[in-house]
Amino acid sequence: MAPIAIDTPIRLPPKIVGPTTKTATRPTKQLPRWLIDGAKIEQQESFDPKKHIYYEPPRRIYTMKEINLDGHGISPNAVSEPFPLFTTEAVRQMRAEIFSPGVLAHCQYTSTFSQNMIRGMGAARAPFTYDAWNSAEVLAKVSEVAGVDLVPALDVEIATINISVHTDTGDRRPTEDQVEDEISSTAWHYDSFPFVCVTMISDCQGMIGGETMLRMPTGEMMKVRGPAMGTAVVMQGRYIEHQGLTALGGRERISMVTAFRPKSPFIKDESILTGVRGISMLSDLYHQYTQYRLEILEERIRARLKQERQRELANRPFDTPDVRNWLIAQKEFIDAMLEELSE
Ligand SMILES: [Fe+2]
(Lines give C-alpha, C1' and ligand atoms only; values in the text may rest on other atoms or scores of the structure.)
Protein backbone atom coordinates (compact mmCIF):
# COMPACT_ATOMS: atom_id res chain seq x y z
CA MET A 1 0.00 0.00 0.00
CA ALA A 2 1.16 3.51 -0.80
CA PRO A 3 2.27 5.64 2.11
CA ILE A 4 -0.62 7.40 3.78
CA ALA A 5 -0.65 11.15 3.58
CA ILE A 6 -3.62 12.68 5.26
CA ASP A 7 -3.82 16.34 4.47
CA THR A 8 -3.87 18.46 7.55
CA PRO A 9 -5.68 21.59 6.46
CA ILE A 10 -3.26 24.47 6.33
CA ARG A 11 -5.92 26.99 5.49
CA LEU A 12 -9.26 27.02 7.18
CA PRO A 13 -12.14 26.53 4.75
CA PRO A 14 -14.57 29.43 4.30
CA LYS A 15 -17.31 29.85 6.90
CA ILE A 16 -20.70 29.30 5.34
CA VAL A 17 -24.00 31.07 5.78
CA GLY A 18 -27.00 28.87 5.04
CA PRO A 19 -30.63 29.70 4.31
CA THR A 20 -32.63 31.03 7.27
CA THR A 21 -35.09 28.17 6.67
CA LYS A 22 -34.17 25.81 9.52
CA THR A 23 -36.45 22.82 8.95
CA ALA A 24 -37.75 21.10 5.85
CA THR A 25 -40.56 23.22 4.40
CA ARG A 26 -42.86 22.42 1.50
CA PRO A 27 -43.36 25.13 -1.13
CA THR A 28 -46.65 27.01 -1.16
CA LYS A 29 -46.28 27.88 -4.83
CA GLN A 30 -47.52 24.92 -6.85
CA LEU A 31 -45.72 23.88 -10.01
CA PRO A 32 -47.78 24.55 -13.14
CA ARG A 33 -49.68 21.70 -14.76
CA TRP A 34 -48.01 22.23 -18.15
CA LEU A 35 -44.64 21.54 -16.60
CA ILE A 36 -45.77 18.26 -15.01
CA ASP A 37 -47.72 17.08 -18.06
CA GLY A 38 -44.92 18.08 -20.41
CA ALA A 39 -42.45 15.82 -18.61
CA LYS A 40 -44.48 12.62 -19.13
CA ILE A 41 -42.92 9.98 -21.36
CA GLU A 42 -44.18 6.80 -23.00
CA GLN A 43 -41.53 4.48 -21.71
CA GLN A 44 -39.19 4.62 -18.75
CA GLU A 45 -35.72 3.31 -19.40
CA SER A 46 -32.82 2.12 -17.30
CA PHE A 47 -29.68 4.23 -17.37
CA ASP A 48 -27.30 2.99 -20.03
CA PRO A 49 -23.94 4.81 -20.20
CA LYS A 50 -23.52 3.95 -23.89
CA LYS A 51 -26.87 5.45 -24.79
CA HIS A 52 -27.31 8.25 -22.28
CA ILE A 53 -23.89 9.86 -21.94
CA TYR A 54 -22.79 12.33 -24.53
CA TYR A 55 -19.55 13.77 -23.24
CA GLU A 56 -17.13 16.23 -24.69
CA PRO A 57 -14.41 17.74 -22.52
CA PRO A 58 -14.93 21.40 -21.60
CA ARG A 59 -13.14 23.87 -23.83
CA ARG A 60 -11.61 25.45 -20.80
CA ILE A 61 -11.09 24.70 -17.12
CA TYR A 62 -10.10 27.66 -14.94
CA THR A 63 -7.60 26.80 -12.23
CA MET A 64 -7.61 27.82 -8.56
CA LYS A 65 -4.35 29.62 -9.29
CA GLU A 66 -6.02 31.74 -11.97
CA ILE A 67 -8.63 32.93 -9.49
CA ASN A 68 -6.08 33.58 -6.73
CA LEU A 69 -7.05 30.55 -4.65
CA ASP A 70 -3.92 28.51 -5.20
CA GLY A 71 -3.50 25.85 -2.50
CA HIS A 72 -7.14 25.96 -1.36
CA GLY A 73 -9.49 23.02 -1.74
CA ILE A 74 -8.90 19.48 -2.94
CA SER A 75 -7.97 20.04 -6.60
CA PRO A 76 -6.05 22.53 -8.74
CA ASN A 77 -9.18 22.90 -10.91
CA ALA A 78 -11.67 25.63 -10.01
CA VAL A 79 -14.49 25.72 -12.53
CA SER A 80 -15.14 24.48 -16.06
CA GLU A 81 -16.82 25.97 -19.07
CA PRO A 82 -20.11 24.15 -19.85
CA PHE A 83 -19.60 20.78 -21.52
CA PRO A 84 -22.00 18.17 -22.94
CA LEU A 85 -22.62 15.33 -20.47
CA PHE A 86 -26.04 13.76 -21.13
CA THR A 87 -28.07 13.06 -24.25
CA THR A 88 -31.49 14.63 -24.80
CA GLU A 89 -33.09 11.25 -24.10
CA ALA A 90 -31.30 11.06 -20.73
CA VAL A 91 -32.65 14.51 -19.83
CA ARG A 92 -36.18 13.40 -20.83
CA GLN A 93 -35.91 10.36 -18.56
CA MET A 94 -34.69 12.51 -15.67
CA ARG A 95 -37.47 15.04 -16.15
CA ALA A 96 -40.08 12.27 -16.14
CA GLU A 97 -38.79 11.12 -12.74
CA ILE A 98 -38.56 14.65 -11.32
CA PHE A 99 -42.19 15.43 -12.14
CA SER A 100 -43.61 11.99 -11.27
CA PRO A 101 -46.43 11.83 -8.64
CA GLY A 102 -44.29 10.08 -5.99
CA VAL A 103 -41.49 12.62 -6.22
CA LEU A 104 -43.87 15.60 -6.24
CA ALA A 105 -45.62 14.24 -3.14
CA HIS A 106 -42.47 13.64 -1.09
CA CYS A 107 -39.49 15.59 -2.40
CA GLN A 108 -40.49 19.24 -2.77
CA TYR A 109 -38.76 21.87 -0.65
CA THR A 110 -38.58 25.62 -0.39
CA SER A 111 -36.06 27.88 1.35
CA THR A 112 -34.97 31.47 1.52
CA PHE A 113 -32.35 30.53 -1.10
CA SER A 114 -34.63 28.90 -3.66
CA GLN A 115 -38.43 28.95 -3.92
CA ASN A 116 -39.05 25.60 -5.61
CA MET A 117 -36.69 22.69 -5.20
CA ILE A 118 -36.95 18.95 -5.61
CA ARG A 119 -34.38 17.01 -3.60
CA GLY A 120 -33.32 13.57 -2.50
CA MET A 121 -35.57 11.61 -4.85
CA GLY A 122 -33.69 8.41 -3.97
CA ALA A 123 -33.12 5.16 -5.81
CA ALA A 124 -36.72 3.92 -5.54
CA ARG A 125 -38.48 7.02 -6.89
CA ALA A 126 -35.85 8.05 -9.42
CA PRO A 127 -33.78 5.01 -10.43
CA PHE A 128 -32.58 6.52 -13.71
CA THR A 129 -31.24 9.70 -12.10
CA TYR A 130 -29.77 7.77 -9.18
CA ASP A 131 -28.01 5.26 -11.42
CA ALA A 132 -26.75 7.99 -13.74
CA TRP A 133 -24.95 9.86 -10.95
CA ASN A 134 -23.57 6.67 -9.46
CA SER A 135 -22.40 5.21 -12.76
CA ALA A 136 -18.66 4.68 -13.06
CA GLU A 137 -18.72 6.32 -16.51
CA VAL A 138 -20.39 9.57 -15.37
CA LEU A 139 -18.19 9.73 -12.27
CA ALA A 140 -15.10 9.28 -14.45
CA LYS A 141 -16.13 12.24 -16.63
CA VAL A 142 -17.01 14.50 -13.71
CA SER A 143 -13.78 13.51 -11.93
CA GLU A 144 -11.75 14.21 -15.08
CA VAL A 145 -13.11 17.75 -15.21
CA ALA A 146 -12.72 18.23 -11.45
CA GLY A 147 -9.10 17.01 -11.51
CA VAL A 148 -9.72 14.66 -8.56
CA ASP A 149 -11.70 11.42 -8.15
CA LEU A 150 -15.14 12.21 -6.80
CA VAL A 151 -18.24 10.40 -5.55
CA PRO A 152 -21.70 11.85 -4.82
CA ALA A 153 -21.48 13.60 -1.43
CA LEU A 154 -24.59 11.89 -0.01
CA ASP A 155 -27.57 9.99 -1.41
CA VAL A 156 -29.83 12.95 -0.63
CA GLU A 157 -27.58 15.12 -2.80
CA ILE A 158 -28.66 13.12 -5.89
CA ALA A 159 -29.78 15.64 -6.79
CA THR A 160 -31.17 19.11 -6.04
CA ILE A 161 -33.36 20.41 -8.82
CA ASN A 162 -33.89 24.17 -8.83
CA ILE A 163 -37.04 25.11 -10.67
CA SER A 164 -37.98 28.54 -11.82
CA VAL A 165 -40.95 29.06 -14.09
CA HIS A 166 -42.60 32.02 -15.68
CA THR A 167 -46.31 31.47 -15.25
CA ASP A 168 -47.57 34.41 -17.27
CA THR A 169 -47.86 34.19 -21.02
CA GLY A 170 -46.66 37.71 -21.73
CA ASP A 171 -43.50 38.64 -23.54
CA ARG A 172 -40.58 37.50 -21.42
CA ARG A 173 -37.92 39.14 -23.48
CA PRO A 174 -35.61 41.04 -21.18
CA THR A 175 -35.16 44.74 -21.55
CA GLU A 176 -31.67 45.99 -22.16
CA ASP A 177 -31.66 47.53 -18.70
CA GLN A 178 -32.45 44.19 -17.10
CA VAL A 179 -29.57 42.54 -18.90
CA GLU A 180 -27.30 45.41 -17.85
CA ASP A 181 -28.32 45.05 -14.20
CA GLU A 182 -27.65 41.31 -14.16
CA ILE A 183 -30.05 40.57 -11.34
CA SER A 184 -28.72 37.84 -9.08
CA SER A 185 -30.87 34.74 -8.62
CA THR A 186 -28.95 33.55 -5.56
CA ALA A 187 -27.06 35.45 -2.86
CA TRP A 188 -23.26 35.28 -2.72
CA HIS A 189 -22.39 31.99 -1.10
CA TYR A 190 -20.05 29.03 -0.79
CA ASP A 191 -21.44 25.50 -1.22
CA SER A 192 -21.47 22.93 1.58
CA PHE A 193 -19.67 20.19 -0.38
CA PRO A 194 -16.31 20.37 -2.16
CA PHE A 195 -17.57 20.06 -5.75
CA VAL A 196 -20.84 20.49 -7.59
CA CYS A 197 -21.92 19.52 -11.05
CA VAL A 198 -24.71 21.77 -12.36
CA THR A 199 -26.59 20.23 -15.26
CA MET A 200 -29.10 22.23 -17.26
CA ILE A 201 -32.23 20.23 -17.97
CA SER A 202 -34.23 23.01 -19.64
CA ASP A 203 -34.26 24.10 -23.20
CA CYS A 204 -32.41 27.41 -23.02
CA GLN A 205 -33.57 28.82 -26.33
CA GLY A 206 -34.28 32.52 -26.02
CA MET A 207 -32.68 32.63 -22.57
CA ILE A 208 -30.27 35.39 -21.68
CA GLY A 209 -28.12 35.44 -18.58
CA GLY A 210 -28.03 32.54 -16.10
CA GLU A 211 -24.27 32.67 -15.72
CA THR A 212 -22.34 32.01 -12.53
CA MET A 213 -20.41 34.93 -11.10
CA LEU A 214 -17.27 34.13 -9.10
CA ARG A 215 -15.72 36.51 -6.58
CA MET A 216 -11.98 36.19 -6.14
CA PRO A 217 -10.19 36.94 -2.87
CA THR A 218 -9.02 40.22 -4.43
CA GLY A 219 -12.67 41.25 -4.91
CA GLU A 220 -12.34 40.87 -8.66
CA MET A 221 -15.30 39.22 -10.42
CA MET A 222 -15.34 36.57 -13.09
CA LYS A 223 -18.38 35.44 -15.06
CA VAL A 224 -18.66 31.81 -16.22
CA ARG A 225 -21.12 30.92 -18.94
CA GLY A 226 -24.29 29.15 -17.77
CA PRO A 227 -24.90 25.64 -19.08
CA ALA A 228 -27.19 24.92 -22.03
CA MET A 229 -29.64 21.95 -22.12
CA GLY A 230 -27.88 18.66 -21.39
CA THR A 231 -24.60 20.41 -20.63
CA ALA A 232 -22.95 20.72 -17.24
CA VAL A 233 -20.52 22.86 -15.30
CA VAL A 234 -18.22 21.44 -12.62
CA MET A 235 -17.12 23.81 -9.86
CA GLN A 236 -15.19 23.59 -6.58
CA GLY A 237 -18.00 25.52 -4.90
CA ARG A 238 -16.98 24.89 -1.25
CA TYR A 239 -13.95 27.11 -1.73
CA ILE A 240 -15.12 29.67 -4.31
CA GLU A 241 -17.54 32.46 -3.46
CA HIS A 242 -20.17 32.55 -6.17
CA GLN A 243 -23.69 33.57 -7.10
CA GLY A 244 -26.12 32.57 -9.82
CA LEU A 245 -27.30 35.30 -12.14
CA THR A 246 -30.92 35.35 -13.14
CA ALA A 247 -31.83 33.98 -16.53
CA LEU A 248 -34.26 36.08 -18.48
CA GLY A 249 -36.46 34.93 -21.30
CA GLY A 250 -37.66 31.37 -21.76
CA ARG A 251 -40.60 29.76 -19.95
CA GLU A 252 -38.67 27.64 -17.44
CA ARG A 253 -35.19 27.24 -16.08
CA ILE A 254 -34.50 23.94 -14.40
CA SER A 255 -31.04 22.96 -13.28
CA MET A 256 -29.92 19.82 -11.51
CA VAL A 257 -27.19 20.26 -8.91
CA THR A 258 -25.30 17.19 -7.72
CA ALA A 259 -22.81 17.58 -4.88
CA PHE A 260 -19.57 15.60 -4.67
CA ARG A 261 -16.85 14.78 -2.17
CA PRO A 262 -13.44 13.14 -2.69
CA LYS A 263 -13.50 9.40 -3.31
CA SER A 264 -10.27 8.75 -1.42
CA PRO A 265 -10.66 8.61 2.37
CA PHE A 266 -7.15 10.06 2.62
CA ILE A 267 -8.01 13.40 1.04
CA LYS A 268 -9.37 16.07 3.40
CA ASP A 269 -13.16 16.27 3.47
CA GLU A 270 -14.43 19.65 4.58
CA SER A 271 -18.07 18.94 3.72
CA ILE A 272 -20.54 20.58 6.06
CA LEU A 273 -24.32 20.52 6.39
CA THR A 274 -25.04 24.23 6.87
CA GLY A 275 -26.51 24.76 3.42
CA VAL A 276 -28.66 21.61 3.36
CA ARG A 277 -29.96 21.10 6.91
CA GLY A 278 -33.04 23.27 6.29
CA ILE A 279 -33.94 21.47 3.06
CA SER A 280 -33.52 17.86 4.18
CA MET A 281 -35.16 15.30 6.39
CA LEU A 282 -32.69 15.53 9.27
CA SER A 283 -32.68 11.83 10.16
CA ASP A 284 -31.79 10.83 6.57
CA LEU A 285 -29.19 13.57 6.30
CA TYR A 286 -27.52 12.79 9.63
CA HIS A 287 -27.56 9.03 8.98
CA GLN A 288 -25.91 9.37 5.55
CA TYR A 289 -23.38 11.91 6.77
CA THR A 290 -22.44 9.85 9.85
CA GLN A 291 -22.16 6.67 7.82
CA TYR A 292 -19.72 7.94 5.20
CA ARG A 293 -17.64 9.93 7.70
CA LEU A 294 -17.27 6.81 9.87
CA GLU A 295 -16.34 4.81 6.77
CA ILE A 296 -13.59 7.34 6.07
CA LEU A 297 -12.37 7.04 9.65
CA GLU A 298 -12.52 3.25 9.40
CA GLU A 299 -10.34 3.26 6.26
CA ARG A 300 -7.87 5.68 7.80
CA ILE A 301 -7.57 3.64 10.99
CA ARG A 302 -7.11 0.38 9.08
CA ALA A 303 -4.37 1.92 6.94
CA ARG A 304 -2.67 3.51 9.94
CA LEU A 305 -2.81 0.28 11.90
CA LYS A 306 -1.25 -1.62 9.01
CA GLN A 307 1.51 0.97 8.76
CA GLU A 308 2.15 0.72 12.51
CA ARG A 309 2.32 -3.09 12.44
CA GLN A 310 4.72 -2.97 9.50
CA ARG A 311 6.91 -0.44 11.29
CA GLU A 312 7.19 -2.72 14.30
CA LEU A 313 7.98 -5.76 12.13
CA ALA A 314 10.64 -3.82 10.24
CA ASN A 315 12.15 -2.67 13.52
CA ARG A 316 11.93 1.02 12.71
CA PRO A 317 11.75 3.44 15.65
CA PHE A 318 8.37 4.72 16.80
CA ASP A 319 7.74 8.18 15.31
CA THR A 320 5.95 10.02 18.11
CA PRO A 321 5.42 13.39 16.35
CA ASP A 322 4.04 11.62 13.28
CA VAL A 323 1.56 9.52 15.29
CA ARG A 324 0.52 12.58 17.29
CA ASN A 325 -0.08 14.58 14.10
CA TRP A 326 -2.20 11.78 12.70
CA LEU A 327 -4.25 11.58 15.90
CA ILE A 328 -4.77 15.36 15.92
CA ALA A 329 -6.01 15.25 12.33
CA GLN A 330 -8.55 12.52 13.25
CA LYS A 331 -9.59 14.45 16.36
CA GLU A 332 -10.29 17.48 14.18
CA PHE A 333 -12.25 15.24 11.81
CA ILE A 334 -14.46 14.06 14.70
CA ASP A 335 -14.76 17.60 16.10
CA ALA A 336 -16.04 18.70 12.69
CA MET A 337 -18.72 15.98 12.90
CA LEU A 338 -19.75 17.13 16.38
CA GLU A 339 -20.13 20.60 14.95
CA GLU A 340 -22.46 19.34 12.20
CA LEU A 341 -24.61 16.91 14.17
CA SER A 342 -26.52 19.54 16.10
CA GLU A 343 -30.01 18.96 17.45
FE1 LIG B 1 -23.68 27.25 -5.14
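This passage describes the overall form of a predicted model, then its domains, and then the surroundings of one helix and one tyrosine.

The secondary structure of the protein comprises 10 helices and 15 strands. For a chain of 343 residues, a compact globule would be expected to have a radius of gyration near 20 Å, and the 21 Å found for the protein therefore agrees with that expectation. When the C-alpha trace is laid along its principal axes, its extents are about 80 × 45 × 40 Å. Of the 343 residues, 35% are buried. Among the contacts with a separation of 6 or more, 84% are made by residues that stand 24 or more positions apart.

The domain assignment divides the protein into domain 1, which covers residues 33-263, and domain 2, which covers residues 281-343. The centres of the two domains, taken over C-alpha atoms, are 32 Å apart, and the contact between them involves 4 residues of domain 1 and 4 residues of domain 2. On the side of domain 1 that touches domain 2, the residues comprise 2 nonpolar, 1 polar and 1 charged.

Two packed helices are described by the angle between their axes and the distance between the axes. Helix α3 (residues 88-98) packs against helix α6 (residues 127-134) at an angle of about 130 degrees, and the two axes are 8 Å apart. Since this angle is neither over 145 degrees nor within the range of 65 to 115 degrees, α3 and α6 are therefore oblique to each other. Helix α3 contributes Ala90, Gln93, Met94 and Glu97 to the contact, while α6 contributes Phe128, Thr129 and Ala132. Sorted by class, the residues of this contact are 4 nonpolar, 2 polar and 1 charged.

Helix α3 is also mostly covered, with 8 of its 11 residues buried. These buried residues are Ala90, Val91, Gln93, Met94, Arg95, Ala96, Glu97 and Ile98, and the list includes Ala90, Gln93, Met94 and Glu97, which take part in the contact with α6.

Tyrosine 54 is located in the loop that runs between α2 (49-52) and β1 (61-63). With 14 other C-beta atoms within 10 Å, tyrosine 54 is classed as partly exposed, because a buried residue would need 20 or more such atoms and an exposed one would have 12 or fewer. When residues up to four places away in sequence are not counted, tyrosine 54 touches Pro84, Phe86 and Thr87. The C-alpha atoms of tyrosine 54 and alanine 90 are separated by 9.4 Å, although these two residues are 36 residues apart along the chain.

Definitions and conventions
Residues are numbered from 1 along each chain as its sequence is written. This is a predicted model: local features need pLDDT of at least 70, side-chain atom pairs count only at pLDDT 80 or more; totals for chains, interfaces and linings use all residues. Axes are lines fitted to C-alpha atoms, for helices over the stretch in contact, and angles run from 0 to 180 degrees between N-to-C directions. Helices (H or I, at least four residues) and strands (E, at least two) are DSSP runs, numbered from the N terminus. Angles under 35 degrees count as roughly parallel, over 145 as roughly antiparallel, 65 to 115 as roughly perpendicular and the rest as oblique. Two residues are in contact if their C-beta atoms, placed from the backbone, lie within 7 Å. Ala, Val, Leu, Ile, Met, Phe, Trp, Tyr, Cys and Pro count as nonpolar, Asp, Glu, Lys and Arg as charged, and the others, Gly among them, as polar. The radius of gyration is taken over C-alpha atoms; the globule rule is 2.2 Å times the number of residues to the power 0.38. Domain bounds come from an automatic or database domain assignment.
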